[in-house]
Structures are given as structure tokens and as C-alpha cells.
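Colleague: Could you take a close look at one part of this model, the aromatic rings and what surrounds them? Please then carry on to the empty spaces and to any other local features worth a note.

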Amino acid sequence: VLASDLQIPWEIKWGQDDHLWITERRGHILRMDPETGSYQTVLDISPVIVNQGTGEPGMLGMVLDPDFPDTPYIYVVYNYGQFTIKERLSRFTWDGNQLGSELILLDEVRGGNIHDGSRLLITRDNKLLMSTGETGSGSLSQDTSNLNGKFLRLNFDGSIPSDNPFPGSYIYSYGHRNPQGVCYGPHDIIFSSEHGAQQSDEVNIIEPTRNYGWPNVQGACDTQTEMNFCAANNIKEPLMEWTPCVAV
């Protein structure tokens, strides 16, 4: 046991500095020595984090710059707001002791008490891939004018890449419910785990422009209504699914 007093650790990354970097949903980023378990809180934005310890929002996905610590940036997604919950992607700068100098890259994405996502992945071509949940409103997932229920693709400065699959849009894929895992597998395939409702937790292969079906399709296209929708809407079926849900 390295540490037993953490509060909802959400993201754990192995840093290029041979330390573990950990987000706690209450609004902390920790830097831990993996040999001893000793750690320091290098960022505390808990005063602006919404719903500390309750519900699902808070400080969520995090990645370190590919050239860290020579390029001393850390990217993190968190929820904020008191009466209206929002989500933002920010970049913080590491000075060797603390994180600071926040630069907001994407702001005022809709948040909620549930289904906020969010994970980050740095792609092989040095872009940021960010998952968003649909905040409990399934119709947002199919709305390509809205950023919820999507995978988003951004430049490191927060701008929209010129080669994004939908010109002028952050959207990379859509029709997601609440994707909370993303990683590379062999052959540079991007895998994502996604929470279903009472059925059909999924593992998906993420591809640009593809529609993953929610809320019209749960899991595979295996009812007549779903098959009709899938045939008409470029649906990518899951690689695996679980019913009842196992929260993969």
C-alpha cells in the first residue's frame, strides 16, 4: 500500500519524472514518490470545484505533456459552478514545486450531477482527445452542434485542428453516453470504455466521424429499431458489451 488516505482518486499517470501524478475529484493534483508513497499536493483548486465528494462532477481526466518536464505543462478537465455546472479543459504549468499559471483551453461545456466523463489522451499526432458525457440528457449525444456525449479533438493551445473530421468543430466522434476510459492499444487503435444505463456497458474502438448510437442504440444493433437506426447513421458497434452493467 502506497497511500490509503486519498479521496476519490480519479486519474493516475506515470510521469516522465518517475513520479505518479494523481487527480482527486475534490480538486487536488498530487505528485507521489512511487517508492515510498509520500506525496505532495501540487495543485488545490477545491474552492472552485463543484459537488466535492458527492455526485459525479469534480476534477477528472489529466495528461502530462509528451515532452514533460522539458515542456512543463499538465492538462486537466474539471467541473465548476454552483447553480449551473460547467466543464472546462485547462493547462497548468509545473515550476518544479507547484502547478500554476492556469490557461483555460476550452470552457463552458455543459456539466451535470451525472455523466461528465471525462478522460484525456494525447494522440500520436500530438493532439488532445477529450471525452465528454451527456450529463443525463441523451438527446445531446446525437446533436452535433453540442459538445456533450462526444470525443473532442483539440490542439494544445485549445484551437480546433484544421484536419478535424467535422470542419470548424471540435467533434471527433459522437453518440456517446458517458465514456470514462480511453487509451491506445496495439497498432495505434484507440479504445474507450463507456458506461451504459441498466445494460450494455461498452468497450469501443474510437474512429473519426463515427456515431456510437446513444440514446437510440444500447450496445450492439440487435433490435429492429436499432438496426434501422444503425443502417442510416454510420453507427460503430462496440467491441464488447456487458449486461448487466459492470462499470468497466
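Modeller: I would start with Trp21, which counts as buried because its relative accessibility is 0%, where the cut-off is under 20%. The model is a predicted one. Phe68 has a relative accessibility of 4%, so Phe68 counts as buried too.

Searching the whole structure for aromatic pairs gives five. One of them joins Trp21 and Phe68 in an edge-to-face arrangement, with 5.5 Å from centre to centre and 85° between the planes. This pair links distant parts of the chain, as its two members are 47 residues apart. Trp21 belongs to strand S2 (residues 20-24), while Phe68 is in the loop between strand S5 (59-64) and strand S6 (73-80). An aromatic pair is also formed by Tyr78 and Tyr80, again edge-to-face, at 6.4 Å centre to centre and with 65° between the planes. Tyr78 and Tyr80 are both buried. Trp94 comes into the picture through a cluster, in which ring pairs link it with Trp21 and Phe68.

Charges over rings come next. Arg91 places its charged end over the ring of Tyr73, 3.7 Å from the ring's centre. Arg177 lies over the face of Trp214, and here the distance to the ring centre is 5.2 Å.

Arg177 and Trp214 lead on to the empty spaces. In the whole structure, the search finds one cavity of 30 Å³ or more. The largest cavity has a volume of about 70 Å³. Its lining consists of 14 residues, and those nearest the centre are Arg177, Glu194, Glu202, Trp214 and Val217. So the charge-over-ring partners Arg177 and Trp214 are also among the residues nearest the centre of the largest cavity. Sorted by class, the lining of this cavity holds seven polar, four nonpolar and three charged residues.

The largest pocket has a volume of about 250 Å³. It is lined by 14 residues, with Lys13, Trp14, Val63, Leu64 and Ile122 closest to its centre. At least two residues of the lining come from each of strand S1 (9-14), S5, strand S9 (120-122) and strand S13 (179-184). By class, the lining of the largest pocket has ten nonpolar residues, three charged and one polar.

Two further places deserve a note. The first is helix H1 (residues 224-232), where Glu226, Phe229 and Cys230 are buried. Viewed down the axis of H1, the buried residues fall within an arc of 100°, so they line one face of the helix. The exposed residues Gln224, Ala231 and Ala232 are on the face of H1 that is turned away from the buried side. Asn234, just after H1, adopts a positive phi of about 55°.

The other place is Val50, in the loop between strand S4 (39-44) and S5. Val50 is buried because its relative accessible area is 3%, under the 20% cut-off. Along the chain, Val50 and Asp157 are 107 residues apart, and their C-alpha atoms are separated by 25 Å.

Notes:
Residues are numbered from 1 along each chain as its sequence is written. This is a predicted model: local features need pLDDT of at least 70, side-chain atom pairs count only at pLDDT 80 or more; totals for chains, interfaces and linings use all residues. Side-chain values use heavy atoms; hydrogens and water are left out. Rings of Phe, Tyr and Trp (its six-membered ring) pair if their centres lie within 6.5 Å; planes under 30 degrees apart count as stacked, over 60 as edge-to-face and the rest as tilted. Helices (H or I, at least four residues) and strands (E, at least two) are DSSP runs, numbered from the N terminus. Buried means under 20% relative accessible area, exposed over 50%, partly exposed in between (1.4 Å probe, protein chains only). A charge sits over a ring if NZ of Lys or CZ of Arg is within 6 Å of the ring centre and within 35 degrees of the ring normal. The arc is that of the directions from the helix axis to the C-beta atoms. On a 1 Å grid over the protein atoms alone, a cavity is a set of points where a 1.4 Å probe fits but cannot get out, and a pocket is an open set with protein on both sides within 12 Å along at least five of seven lines; lining residues have an atom within 4 Å of a point. Grid points are joined across faces, edges and corners, and a volume is the space filled by probe spheres set on the points. Ala, Val, Leu, Ile, Met, Phe, Trp, Tyr, Cys and Pro count as nonpolar, Asp, Glu, Lys and Arg as charged, and the others, Gly among them, as polar.
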